[in-house]
Amino acid sequence: MMDRILALGGQFDPNFTALAVIICVMSMLTAVRLFSRGFVARGEARPTWLLLAGISAGFGAWAMHFLAMLAYNPGVPTGHGPVGLLTSLILVLPMAIAAFYAAANLDGWVRPGFGGIILTFAVTVMHFSSLKDFRVEGVFNVDRDLVAVAFIACALLAGAGFAITGPARTVPRQAIGGIALGLAVSTFHFIAMAALTIVPGKGETDSLIISEFAIAGAIAAVTLIVIATGLGAALVDAKGAERAVERLRRLANGAFEGIVITAHGKIVDANTSFLNLVRADHDDVVGRSVDKNLLERGYSQSGNEDALLSPFDHGEAIPVEVRTRSLSDDKAEAVYAIRDLRAQRKAEEEIRYLAQHDSATRLLNRNAFMARLDALLERAAQEGEPVALLFIDLDLFKHINDVHGHRAGDLVIAEVANRLRGMAKGSSLLGRIGGDEFVIALYGGTQPTEAAQCAHSLLEKLLEPVPYEEHKVEISGSVGISLYPADAGNASDLVAFADMALYRAKRGGRNAACFFSRDMDEAIRDRRLARDLKKGIDAGELRLSYQPLAAMADGRIVGFEALVRWQHPVRGLLQPDDFILVAEENGLIIALGNWVLKQACFEAAKWERPFRVAVNLSALHLQDNSLVSRVHEILVNSGLSPARLEIEITESALFLDQARALSNLRRLKALGVRIAMDDFGTGYSSLSTLNAFPFDRIKIDRSFVDEISRSPQAEKIVRAIVSLGHSLGVPITAEGVETETQLEFLRREGCDQVQGFLIGRPEHIDMHAGLVTPSNPGVPGLEDDQVAQAS
């Protein structure tokens, strides 16, 4: 039980919680003071004092409850509905009044006991009636035993408070009694909240909810009512007026809002918050007119009135929200609640700014840039001026994130924005419209000359390394340029054509600038193909074909390589050469490779013959820290033995970040997965790579096999690779074998395995059914018991 109560502390904001308890205690001190007067009063004044005491206590308990609920953060979205707010107030007031009547009119020990029980019952009803309209994404579970503890603790403390107070006229006894009542209400609230647990689920947070500002306003109204209650008490008992005013002033000083009391239009009192707001002393404001000297009225909105408050030091006027309530029937006396709106206005301005600007760079975002570019083009059309649009994209930005981390990437983006901002002219538009994509619109000038000069300067500026911790991050960029009105007549086309030119610049080698030209249809097609590929992966348009791999010694099939095909809904069946490059350049290669890996493992797990299946992975896969966990998850879910999966990589894939790539390969091998080097001989560090990592198989690139019998040089290279593999104890596979001549040469040189059209074409696995079922008279190169041992 104590664990739940102690654990609740982490779910309440300490500032709001402290404020709630303070307001509760102060309200109970006010109530006790009034109760003490009523206890000894006679005649018509007695019920008036008790009524005021009950009202003060009821409002204090109610205000404490909702302030504490504002501080409550259970970890799921919450909110308050209006019904519970009003219902709980309506319920608590009469019962609180009844508690004070009982505590004053009964005899003996029954007097404080019944008073405490009735007040506890009032707090209980108020607490749980308000929770009926507390909106949360989940449902409440209530520990009834803990609620009973809360009830008993509250009743005991409240009874003690009434017993201590009684007819006491001394401040210490009244203070102790008030604190006891305040602690009774606070103790009940927090123990009762500890009795509640929220089971996350579908709640009612989408229905009508009062905002925190509205609840804060309601609490301000409670403050006003408490002040009004104190003023009413002062009218009943003139002898206690001075002390009542002091007490109310302390209560008002605890409020966040500025509070001002006026009589006949002149200020008679003000709390500390208001004095701080106008930067004046108490004596400076007394006697002044609020409306004539301090406030410039604005407009009403949702029952609140906005105004400007003039500080006494003649500083900048302060936007405030004003609420006014009359304290007498003739409206001669009134109280003002004045809330400072500067923080809210600043937040609103920040929201408006962020709606149009990128938060990381403070440049225009895509929507704002396009809107202003439209306006700039309209102006250009009226004045007959050209506009050049430069589309800038950083080269290999993902590599920066992968190698140095996203923090370094964010620093690079901010630094690039600063460099572009420093180069932009006054009439230029500058924006960030994507992760590492920036745009500059140059107005007027001599185009395309100035655009070319600007692009050249940008590229030079981008080549400067960005300092990060103890490193210098090397960056570069590419620029695509389109012109208005020569290339496009509207903003969207101008940006699209610049993007196409950028794509051409990147394909030409990066760190370059390119103007848009009408022959860029290929770029358009590639972009469309990239969009289609993304949809195709999700829509299940990809297919796997399997090409067999044969042992040279006896011609037996020993495994298959999984090769992806794309059944495009319009262009038909596409080979990898038609879309792999597009996938790499548009960030789709990871998703594509993951699909192939998962599909191949699940299909191979269904084969009755335990052939190995080889899957090609890209360079980006080897830089992915989640690669090993993903492979492990796929193997577990598919049931495929790790010894039957072979990952094929190229030499070039290792050199993006060799340390990370080799780390991933070693972890894969630790799982039992085999690693093969594909396209061996086409890289530039083959021997050092073989020395750094013990591959399970080396595949000779098809370009060398194709030249057998036509190029003595190619034959020497093949012979050298086979000899190297034998000396290292690594099996050698030749791919692209299409003729008997090639096969015979490879047999003579001692090549271990062959793959190519002569052995079998890539086909759907159903076309190889005779090989992967037990009816196949041949035997796999890896026997069942070997697979079991390897896994």
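Colleague: Why is lysine 669 called partly exposed?

Modeller: Its relative accessible area is 29%. Buried needs under 20%, and exposed needs over 50%. Lysine 669 falls in between, so it counts as partly exposed. Bear in mind that this is a predicted model.

Colleague: And what makes aspartate 696 buried?

Modeller: Aspartate 696 has 19% relative accessibility. The cut-off is under 20%, so the residue counts as buried.

Colleague: What makes lysine 669 and aspartate 696 a salt bridge?

Modeller: Their side chains meet with N and O at 3.5 Å. The limit is 4 Å, so the pair qualifies. Lysine 669 sits in helix α24, and aspartate 696 in the loop between α25 (686–692) and β24, 27 residues apart.

Colleague: Which residues are joined into one network by salt bridges that share partners?

Modeller: Glu561, Glu646, Glu648, Arg674, Arg697, Lys699 and Glu735.

Colleague: Take one pair from there. How do you know that glutamate 648 and lysine 699 form a salt bridge?

Modeller: Their closest N and O atoms are 3.1 Å apart. That is within 4 Å, so the rule is met. Glutamate 648 lies in strand β22 (residues 645–650) and lysine 699 in strand β24 (residues 697–700), so the bridge ties together parts 51 residues apart in sequence.

Colleague: Are these two buried or exposed?

Modeller: Both values fall under 20%, so both residues are buried. Glutamate 648 has 1% relative accessible area, and lysine 699 has 0%.

Colleague: How many salt bridges does the rule give?

Modeller: The count is 22. One of them joins arginine 432 and aspartate 358, with 3.0 Å between the closest N and O atoms. Arginine 432 is in strand β12 (residues 429–432), and aspartate 358 is in the loop between α13 (342–356) and α14 (366–383), 74 residues apart. Both residues are buried.

Colleague: What does isoleucine 413 touch, beyond residues up to four places away in sequence?

Modeller: Arg432 is one of its contacts, along with Thr361, Leu394, Phe397, Gly435, Asp436 and Phe438. Isoleucine 413 lies in helix α16 (residues 406–423).

Colleague: Why is isoleucine 413 called buried?

Modeller: Its relative accessible area is 3%. The cut-off is under 20%, so it passes.

Colleague: On to the rings. How many aromatic pairs are there?

Modeller: Nine by the rule. In one of them, phenylalanine 59 and tryptophan 62 have ring centres 6.4 Å apart and planes at 80°. Centres must lie within 6.5 Å and edge-to-face needs over 60 degrees, so this pair is edge-to-face. Both residues lie in helix α3 (residues 45–71), three residues apart, about one turn of the helix. Both are buried.

Colleague: What makes tryptophan 566 and phenylalanine 579 an edge-to-face pair?

Modeller: The centres are 5.6 Å apart and the planes stand at 85°, so the pair is edge-to-face. Tryptophan 566 is in strand β19 (residues 557–568) and phenylalanine 579 in helix α20 (residues 576–585), 13 residues apart. Tryptophan 566 is buried at 0%, and phenylalanine 579 is buried at 1%.

Colleague: What makes arginine 379 count as sitting over the ring of tyrosine 443?

Modeller: Its charged end is 4.1 Å from the ring centre. The distance limit is 6 Å, so that part of the test is met. Arginine 761 likewise lies over the face of phenylalanine 757, at 4.0 Å from the ring centre.

Colleague: Which residues touch the most other members of the largest nonpolar core?

Modeller: Tyr546, Val613, Leu645, Leu665 and Leu746, out of 73 residues. Helix α21 (residues 589–604) gives the most to this core, with eight residues. Another core lies apart from it, with 66 residues, including Phe59 and Met193.

Colleague: Back to helix α24. How do you know that its span agrees with expectation?

Modeller: Its 14 residues (658–671) should span 20 Å at 1.5 Å a residue. The end C-alpha atoms are 20 Å apart, so the two agree. Just after α24, glycine 672 takes a positive phi of about 105°.

Colleague: And why is helix α18 called largely enclosed?

Modeller: Twelve of its 17 residues are buried, so the rest of the structure largely encloses it. Among the buried ones are Leu494, Phe497, Asp499, Tyr503 and Lys506. The helix (residues 491–507) reaches 25 Å, close to the expected 24 Å. Glycine 509 follows just after α18, with a positive phi of about 130°.

Note on methods: Residues are numbered from 1 along each chain as its sequence is written. This is a predicted model: local features need pLDDT of at least 70, side-chain atom pairs count only at pLDDT 80 or more; totals for chains, interfaces and linings use all residues. Side-chain values use heavy atoms; hydrogens and water are left out. Rings of Phe, Tyr and Trp (its six-membered ring) pair if their centres lie within 6.5 Å; planes under 30 degrees apart count as stacked, over 60 as edge-to-face and the rest as tilted. Helices (H or I, at least four residues) and strands (E, at least two) are DSSP runs, numbered from the N terminus. Buried means under 20% relative accessible area, exposed over 50%, partly exposed in between (1.4 Å probe, protein chains only). A charge sits over a ring if NZ of Lys or CZ of Arg is within 6 Å of the ring centre and within 35 degrees of the ring normal. A nonpolar core is a set of buried Ala, Val, Leu, Ile, Met, Phe, Trp, Tyr and Cys residues joined through side-chain atoms within 4.5 Å. The expected span of a helix is 1.5 Å times one less than its number of residues. Contact means heavy atoms within 4.5 Å.
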